[in-house]
Amino acid sequence: MGCDYNPEQWPPSVWREDVTLMREAGVGFVTLGVFSWALLQPEPDRYDFGWFDEVLELLHEGGIAVDMATATAAPPPWLTNAHPEMLPVDAEGRTLWPGSRQSWCPSSPVFREHAVALVEQMALRYGSHPAVRLWHVSNELGCHIGKCWCDVSAAAFRRWLSNRYGSIDALNDAWGTAFWSQHYRSFEEVLPPRITPAVPNPTHELDFARFSSDELLDFYRAERDVLRRLTPDIAVTTNLMVSSHQSEQDYFSWAPELDLIAQDHYLDARLPHPRAEQSFTDDLTRGVASGAPWLLMESSTSAVNWQPVNVAKRPGELLLDSLRHVARGADGIGFFQWRASQAGGEKFHSALVPHAGRDSERFREVVGLGEALRRIGEVAGSPVEADVALLFDWNSWWASDLSSHPSTELRYVDAVHQWHRAVTELGATADVVHPESDLSGYRLVIVPTLYLSSDATAASLDAYVRGGGQLLVTYFSGIVDESDHIRLGGYPGAFRELLGVRAEEFAPLLPGTTVTLDDGSTADLWTEVLTAPDAEVVARYTDGPLPGTPALTRRAVGDGVAWYLATRLDDAATAALADRLTRDAGVTRLAGAEPGVELVRRGRYLFVLNRGNGPVKVPAHGCDLLTGANVEGTVDVQAGGAAVVREEGS
Amino acid sequence: MGCDYNPEQWPPSVWREDVTLMREAGVGFVTLGVFSWALLQPEPDRYDFGWFDEVLELLHEGGIAVDMATATAAPPPWLTNAHPEMLPVDAEGRTLWPGSRQSWCPSSPVFREHAVALVEQMALRYGSHPAVRLWHVSNELGCHIGKCWCDVSAAAFRRWLSNRYGSIDALNDAWGTAFWSQHYRSFEEVLPPRITPAVPNPTHELDFARFSSDELLDFYRAERDVLRRLTPDIAVTTNLMVSSHQSEQDYFSWAPELDLIAQDHYLDARLPHPRAEQSFTDDLTRGVASGAPWLLMESSTSAVNWQPVNVAKRPGELLLDSLRHVARGADGIGFFQWRASQAGGEKFHSALVPHAGRDSERFREVVGLGEALRRIGEVAGSPVEADVALLFDWNSWWASDLSSHPSTELRYVDAVHQWHRAVTELGATADVVHPESDLSGYRLVIVPTLYLSSDATAASLDAYVRGGGQLLVTYFSGIVDESDHIRLGGYPGAFRELLGVRAEEFAPLLPGTTVTLDDGSTADLWTEVLTAPDAEVVARYTDGPLPGTPALTRRAVGDGVAWYLATRLDDAATAALADRLTRDAGVTRLAGAEPGVELVRRGRYLFVLNRGNGPVKVPAHGCDLLTGANVEGTVDVQAGGAAVVREEGS
Amino acid sequence: MGCDYNPEQWPPSVWREDVTLMREAGVGFVTLGVFSWALLQPEPDRYDFGWFDEVLELLHEGGIAVDMATATAAPPPWLTNAHPEMLPVDAEGRTLWPGSRQSWCPSSPVFREHAVALVEQMALRYGSHPAVRLWHVSNELGCHIGKCWCDVSAAAFRRWLSNRYGSIDALNDAWGTAFWSQHYRSFEEVLPPRITPAVPNPTHELDFARFSSDELLDFYRAERDVLRRLTPDIAVTTNLMVSSHQSEQDYFSWAPELDLIAQDHYLDARLPHPRAEQSFTDDLTRGVASGAPWLLMESSTSAVNWQPVNVAKRPGELLLDSLRHVARGADGIGFFQWRASQAGGEKFHSALVPHAGRDSERFREVVGLGEALRRIGEVAGSPVEADVALLFDWNSWWASDLSSHPSTELRYVDAVHQWHRAVTELGATADVVHPESDLSGYRLVIVPTLYLSSDATAASLDAYVRGGGQLLVTYFSGIVDESDHIRLGGYPGAFRELLGVRAEEFAPLLPGTTVTLDDGSTADLWTEVLTAPDAEVVARYTDGPLPGTPALTRRAVGDGVAWYLATRLDDAATAALADRLTRDAGVTRLAGAEPGVELVRRGRYLFVLNRGNGPVKVPAHGCDLLTGANVEGTVDVQAGGAAVVREEGS
């Protein structure tokens with residue numbers, strides 16, 4: 001267990017008490033210095049490390065490991081005042097001013113120069129300190145400024161495009177500039193996609209999204225390279241923001257640059273199923289980590305402060321939510337932040353030590369969590385067992401979100417979440433992986449609404465099915481290539497042959513409209529003018545705009561089977577189809593799972609998380625690490641409770 | 001039948017196939033070159049017409065006539081980069097950048113100079129080509145940039161004001177600048193109505209709307225004049241955007257400058273009655289054309305791409321929707337576009353050849369439509385028969401939309417649509433005409449919510465009624481003069497005497513509130529503190545804020561009758577009142593009409609369009625041109641079907 | 001009775017009729033010249049007072065007193081054109097242009113110089129005119145531009161901060177700049193809180209709100225000082241905007257600078273209880289006036305023009321609404337404006353003379369109101385009798401509205417209105433006063449959701465309760481100090497000891513969610529993880545996130561009692577609690593009050609305002625001034641009627 005520690009918010013007298021309480025709570029590591037720039041470098045030509053040395057020494061004496069931030073997340077006022085050209089500018093041309101955090105353009109050479117200089121100072125001073133175990137580059141890169149439209153960014157975008165395309169003719173082809181008279185004579189003519197009178201060029205926007213992700217990654221690399229050079233033995237990471245409300249970084253492309261995948265996660269009460277989103281995000285983070293264990297760098301002990309209504313965690317939820325992360329591959333659980341701020345924009349964000357202080361239920365729960373995590377420490381390193389793969393792609397997300405599509409009601413992450421939740425509630429576990437991943441080990445592959453697909457993905461899925469795999473592709477998949485060009489001849493172009501179907505048109509449904517299938521299912525959002533020249537029709541619409549038209553098809557190919565679903569089923573019908581598919585495919589389903597009761601296996605450890613309203617009995621043999629009790633045949637878990645059973649043969 | 005043709009989006013190998021398929025489909029004309037500027041003039045000082053010549057030749061060989069665009073709709077990047085001062089600026093001061101289309105300020109001299117130069121080239125090169133039958137200036141002028149607030153526009157606005165008012169005193173009087181200390185000393189002090197701290201001066205805004213319409217028209221004229229000079233024998237047009245979601249051009253003032261009225265129309269699924277809006281727009285386009293046949297330049301074969309949910313056309317709808325245009329005066333049906341784009345911002349807009357290709361139901365429907373249009377070819381030139389006039393005015397629309405009015409819930413076009421639909425559903429046909437039109441030929445004139453009215457309109461209506469006409473004026477009409485000055489002494493000032501009523505105050509209703517009339521009608525939105533000193537009270541409120549107050553009045557004047565309706569009736573009550581008015585006035589109502597079954601007569605041709613759920617029988621004698629069948633007594637039209645009967649006496 | 005008079009909107013021929021009609025209506029004073037700058041000073045170096053002299057003379061001859069405006073509210077175009085640097089700029093960097101009113105930055109030295117020069121001219125010319133009884137500085141200061149983010153304002157903000165804090169270290173401490181690396185080296189580095197990438201620093205924003213209020217007040221003082229110097233015998237005021245939709249001025253700090261408190265009030269149909277808001281605002285205005293009589297400078301005779309739907313007043317409402325102001329302390333009733341404008345942005349705002357003219361029900365009601373106000377003239381100067389105090393603070397409002405709080409559903413004014421209405425409907429009268437007011441005279445003090453509280457407030461409430469007072473504090477009170485720093489150790493920090501409770505966390509409820517208390521009450525919005533270590537628990541939750549947790553507590557302290565309510569009760573439960581509290585405290589409740597029937601006592605005068613659906617009988621003895629009838633035992637007031645009884649012993 002760990003947390004962000006921001007000692008500059010408190011007088012030194014509090015620091016010693018902090019270390020004592022950290023030990024009481026079982027805090028094993030802290031992330032230090034994330035927002036300390038202004039105090040570490042109070043003047044352009046003066047550093048002040050003394051106070052920071054003292055804090056580090058106190059932590060070290062307390063046996064607390066340090067994830068050392070490079071402290072560059074928020075530039076001090078002296079820097080932004082001296083260089084207003086480093087401030088970010090939005091698509092409308094508005095400067096985003098200092099007075100908050102992250103007031104810097106990712107492409108700014110001035111900012112990068114100052115940041116890298118500070119990183120060098122940090123590495124030189126702290127790289128050999130025994131408490132420092134990990135470097136933490138910047139913070140939540142892109143959380144607030146994932147894109148910048150300023151003139152400096154424009155120049156960087158042109159360089160990026162020149163590297164990507166080589167010639168302006170290639171760019172003209174890729175962007176389809178023959179449309180609307182947008183033909184460029186040279187890269188020098190290209191601008192970022194600022195506000196325009198009508199619809200912008202979608203490939204222009206898509207490439208700007210790619211550029212923006214790459215540009216921030218490049219900034220990460222600049223800091224990382226300093227650290228690698230000066231402290232080659234310390235791992236380097238940064239806290240990714242794999243989540244449903246931030247799409248701007250393609251973490252599959254970031255992952256190879258991190259020595260350890262770290263992730264921040266906050267439950268979002270605005271979603272219909274916040275915990276299902278957590279499970280999905282955890283599975284995706286594991287996908288980003290290529291299946292390796294990862295670190296939850298930040299989460300909250302209770303409410304956050306940035307949602308419209310910031311729901312507090314009820315008793316027991318802190319433990320359950322933390323174990324969910326562990327069950328899905330986290331080997332460490334961190335929080336923002338140690339002590340709730342007394343001032344500033346995040347003072348109503350919960351912490352390990354709340355405003356009420358040590359004498360509080362929240363701190364007692366934190367102590368309990370520390371104890372629980374110690375008890376299950378042996379789980380670390382065990383692989384999560386999953387035989388379903390769910391394909392996910394940030395490029396396709398970006399492309400799906402572009403304007404002028406058939407329906408603005410279609411949201412990529414909703415489609416992915418729905419299928420992830422259906423599989424999870426059946427007791428199966430899914431890896432959420434890049435479309436071009438090796439799929440050979442999976443019994444079932446689900447491809448929800450993968451609008452943009454490469455030829456390689458199409459070939460990989462073809463091979464997977466022919467090799468005996470079970471595949472489900474859903475509506476509005478395989479429509480365009482990497483340049484957002486339609487794959488002609490009928491939808492879903494990339495997968496048409498494999499699935500044996502052909503759609504001639506999309507027929508999205510108006511909000512509030514539903515259709516019925518002849519198996520009794522209800523669906524909404526989307527239908528397609530579909531024919532099934534080479535597939536079995538499993539279900540057809542009985543009403544709506546396309547009565548009699550195929551909605552669900554199935555094709556045996558090679559040793560496998562390829563399904564196509566051309567509409568959005570409601571939750572019950574999705575569950576029923578997931579049930580059939582997992583049975584057909586022989587997917588492992590842990591007995592006892594149901595909506596509210598989540599079961600996951602990491603190696604020999606079975607996690608049972610019961611958010612339901614009543615107790616559950618789950619078949620297991622071994623020892624419940626949380627209680628130390630023997631488990632013989634079944635483990636009983638009360639409502640709101642959990643078990644982590646080291647299984648020892650039935 | 002015709003369509004936009006954008007050959008630059010496809011390799012030359014496709015062009016020949018295009019012409020072949022066009023012939024198969026019955027495409028008689030194409031609009032060519034709308035977005036070709038960047039490829040026709042790839043450098044400031046270099047034109048490249050070779051590829052275009054080839055396309056034109058292929059079309060000509062295929063017997064396809066060409067509506068030749070001037071190609072100036074979207075400037076190439078080299079022009080916008082060289083002259084950023086030509087970019088439009090919105091009321092908030094934000095520049096609208098290139099990367100889309102129409103990135104030009106209507107008042108920009110630089111842009112106009114370049115555009116006119118290209119038009120000259122086009123006219124010189126193609127003006128004598130036998131395939132070229134029509135010039136198409138720019139494209140959908142004002143669709144995205146109807147107004148610009150930049151400094152160049154500000155200077156143009158001042159010139160326009162100086163022309164309009166002659167002296168600054170006249171402007172001060174018209175704008176009422178004594179209010180809020182806005183008195184100007186000279187035209188030089190006037191700015192466009194950019195964002196302000198509080199409510200802007202409404203007459204300032206109204207004049208800016210007039211200026212903006214005139215300024216774009218002036219741009220049209222600049223191109224048109226080149227064409228007239230160089231190719232005096234070829235008619236010139238541009239595709240107007242007569243619709244419910246674009247109000248910025250006063251097409252009654254544009255019409256005299258066009259040799260042929262052309263119009264784009266797209267069904268809008270966001271409206272409660274999309275087809276009724278089509279009928280209204282068609283009738284208005286005919287009004288703009290002073291009753292002459294017009295050309296539908298663009299429509300869609302199925303879904304568009306710019307609505308939140310883009311509904312596809314069901315089988316048969318393409319034919320029915322196209323016939324609706326013809327029934328209401330279109331002599332040609334065009335579409336955007338020939339082949340669905342593979343890339344760019346409109347790739348999900350339907351086309352004659354969809355992504356699925358020639359082998360598709362959509363293309364087969366297109367072929368069927370081409371055949372149907374050929375069969376009814378003899379209809380061309382026949383006049384639509386209408387004896388109801390519905391007064392409509394863009395100036396009044398602009399003035400109605402100004403802020404600080406009694407109710408933001410009142411929307412002018414909704415009021416007009418409601419009365420147009422009521423009349424249409426009774427089997428009557430309305431011309432939608434300018435308020436100062438000659439009304440003598442109509443049996444019934446309806447004036448829905450004509451907030452701004454000239455003295456001439458008031459005099460015209462007075463004469464119309466005295467001459468025996470039946471008139472209905474509805475709430476919030478005749479309130480202000482052309483300067484948006486209240487006509488004092490009681491509402492509706494312009495028509496108070498004619499109607500014999502006097503309202504002292506408006507009493508708009510809160511959303512969700514309704515009132516009841518003593519004839520059982522339900523109404524909402526609006527009531528007035530009305531007295532009827534010189535009119536019969538037909539109905540009074542029984543509840544709401546004004547129980548006992550007149551809601552509907554009737555006054556016999558000269559040989560005619562003048563009705564006033566002071567509230568918004570619901571659909572049923574509107575239909576009932578329309579029924580009474582049309583009967584009283586002896587309006588022709590085609591038997592068989594009802595909601596869903598639309599009947600219109602063009603000369604000797606009776607159009608029956610059945611969107612209802614069951615078959616209809618409509619009295620007719622003659623020949624159904626669509627089927628060639630004889631019609632004796634009645635024509636039977638199935639649900640979703642149509643008939644076009646050449647009538648030959650009953 | 002009085003009104004704004006804008007004669008420049010009408011030709012001189014109308015002026016004489018105006019004075020005649022004013023006398024008929026009983027207009028006793030007019031506010032003159034508010035928007036006359038452009039005509040009084042038509043050129044930078046030329047004044048034109050002739051026409052104004054004439055108007056003033058006519059009014060004087062008619063016996064009408066003049067509240068003389070300084071005429072600086074809206075600068076003429078020649079000034080804004082010559083000095084665009086005086087235009088306001090918003091937080092996004094957008095200039096707000098002329099063409100409306102109030103186009104000036106409050107910190108602009110250029111504007112101030114010109115305004116002060118005009119004030120000097122006005123004072124010299126009119127200061128000795130016998131009709132001039134009051135000076136009216138500018139108009140509705142801050143109504144449209146309460147804040148400006150331009151560079152001139154930035155410099156002024158820095159000066160203000162330097163005055164407030166003395167040293168930059170003190171600012172760093174107050175703003176908590178250790179958070180997010182915001183440490184400043186000097187005041188020169190500080191900017192206004194313009195748009196930022198993430199959450200801004202809340203104390204930065206709070207101080208900018210304080211600065212903005214002070215800056216406008218400073219502008220007022222600049223004009224006031226000229227008037228004091230040149231016309232020391234004429235009182236100076238300006239029309240405040242104490243209301244629910246404008247929060248930007250702290251009128252408690254403004255009040256000492258005004259010789260007479262004047263206020264504008266308009267009913268707002270968007271609120272659930274518009275008249276209850278009026279009563280609240282009147283009571284607050286009286287609080288601003290420290291209990292002294294005040295002047296209603298503007299209200300409307302019927303509809304306004306700036307709400308989405310502008311509801312007209314029904315017959316009788318004008319009288320009732322006006323008497324409500326008088327009942328709550330107004331000694332004069334003014335209106336905007338004399339004659340409804342024929343042009344401009346406010347032409348649909350009602351007036352004393354409507355567009356329909358003198359022959360109208362509205363004007364007849366105005367005449368009746370003038371007569372009624374004359375009849376109750378003796379009420380003037382009588383003090384409103386109130387023994388409940390409701391604490392209110394603009395600083396706390398500003399702080400409550402900052403972002404990143406537990407729930408955006410919590411709105412300070414809603415919380416205050418709810419409690420004010422509950423007390424009012426019981427027949428009690430509340431003074432709405434500053435938290436640091438002398439509370440010793442009140443039987444009950446209510447502190448709704450006072451998020452920001454000073455130590456002085458805490459001490460004052462403690463003394464009040466120990467001295468025998470009854471106190472109710474509601475949820476989310478006493479959370480932070482004046483720097484928006486959390487008071488640590490448990491909520492509500494400022495009042496924790498006094499109330500004997502301690503909250504460890506907030507648990508706000510999602511919209512649509514309710515909780516039940518064990519006394520049957522329903523509540524929503526907010527709950528707290530509360531313990532009552534030193535208080536009696538009166539009610540607990542039976543469901544929701546915190547079953548069994550205290551919701552309402554009571555603690556006897558010294559001779560008094562302190563209640564704490566940790567949730568938002570619905571209206572019925574609020575009424576029940578208000579009933580208990582007022583009974584316990586012995587609060588005076590006027591018999592006959594109920595929802596819809598409002599009773600207030602000013603000295604010996606009892607006001608009965610019946611907005612209910614039936615007649616009421618209210619105990620009283622004396623004379624009804626409105627009718628002259630004797631009242632013996634009870635006064636009967638019909639639905640929609642009123643009585644003002646001079647009581648003479650029962």
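This is a short tour of a predicted model, with stops at the symmetry, one interface and one sheet.

**Stop 1: chains A and C**

Select chain A and chain C and colour them separately. A turn of 120° with a shift of 0.0 Å along the axis lays chain C on chain A, and the RMSD is then 0.0 Å. The two copies are thus related as by a three-fold rotation axis. Which residue of chain C has its C-alpha nearest the axis? Select C:Arg94: its C-alpha lies 5.1 Å from the axis.

**Stop 2: where chain C meets chain A**

Keep both chains in view and turn to their interface. Here 51 residues of chain C are in contact with 53 residues of chain A. The size of an interface is often given as the accessible area lost when the parts come together. Between chain C and chain A about 4,500 Å² is buried, and carbon and sulfur atoms give 59% of this area.

Next, show C:Phe179, C:Trp180 and C:Pro197 as sticks. These residues supply 16% of the area that chain C buries against chain A, more than any other three residues.

How many salt bridges cross the interface of chain C and chain A? There are four. To see a salt bridge, select C:Arg185 and A:Glu43, whose closest N and O atoms are 2.7 Å apart. The interface of chain C and chain A also holds 24 residue pairs in polar contact, with both residues at pLDDT 80 or more. Now select residues 502-506 of chain C, which make up strand 14. This strand gives the most to the side of chain C that touches chain A, with five residues.

**Stop 3: a sheet in chain B**

Hide chains A and C and show chain B as a cartoon. Strands of a sheet pair through backbone hydrogen bonds, either parallel or antiparallel. In chain B, look for an open sheet of five strands in the order 22-23-26-24-25, with antiparallel pairing. Strand 22 (597-602) and strand 25 (630-637) of chain B stand at the edges and have a single partner strand each, so one side of each is left without a neighbour in the sheet. On average, neighbouring strands of this sheet are turned by 30° against each other, direction ignored.

Zoom in on strand 23 (residues 605-610) and strand 26 (residues 642-647) of chain B, an antiparallel pair with five bridges. Here B:Leu606, opposite strand 26 of chain B, faces B:Val645.

Last, add helix 11 (residues 317-327) of chain B, which packs on the sheet. Helix 11 touches strand 22, strand 23 and strand 26 of chain B, and its direction makes about 145° with that of strand 23 of chain B.

Note on methods
Residues are numbered from 1 along each chain as its sequence is written. Chains are lettered from A and ligands numbered from 1 in the order in which they are written. This is a predicted model: local features need pLDDT of at least 70, side-chain atom pairs count only at pLDDT 80 or more; totals for chains, interfaces and linings use all residues. Side-chain values use heavy atoms; hydrogens and water are left out. Copies are superposed by least squares on the C-alpha atoms of residues with pLDDT of at least 70 in both. Two strands pair if DSSP finds at least two bridges between them. Helices (H or I, at least four residues) and strands (E, at least two) are DSSP runs, numbered from the N terminus. Axes are lines fitted to C-alpha atoms, for helices over the stretch in contact, and angles run from 0 to 180 degrees between N-to-C directions. Contact means heavy atoms within 4.5 Å. Buried area is the accessible area (1.4 Å probe) that two parts lose on being put together, summed over both. A salt bridge is a side-chain nitrogen of Lys or Arg within 4 Å of a carboxyl oxygen of Asp or Glu. A polar contact is a pair of N or O atoms within 3.5 Å; within protein, one must be able to donate a hydrogen and the other to accept it, and residues adjacent in sequence count only if both atoms are side-chain atoms.
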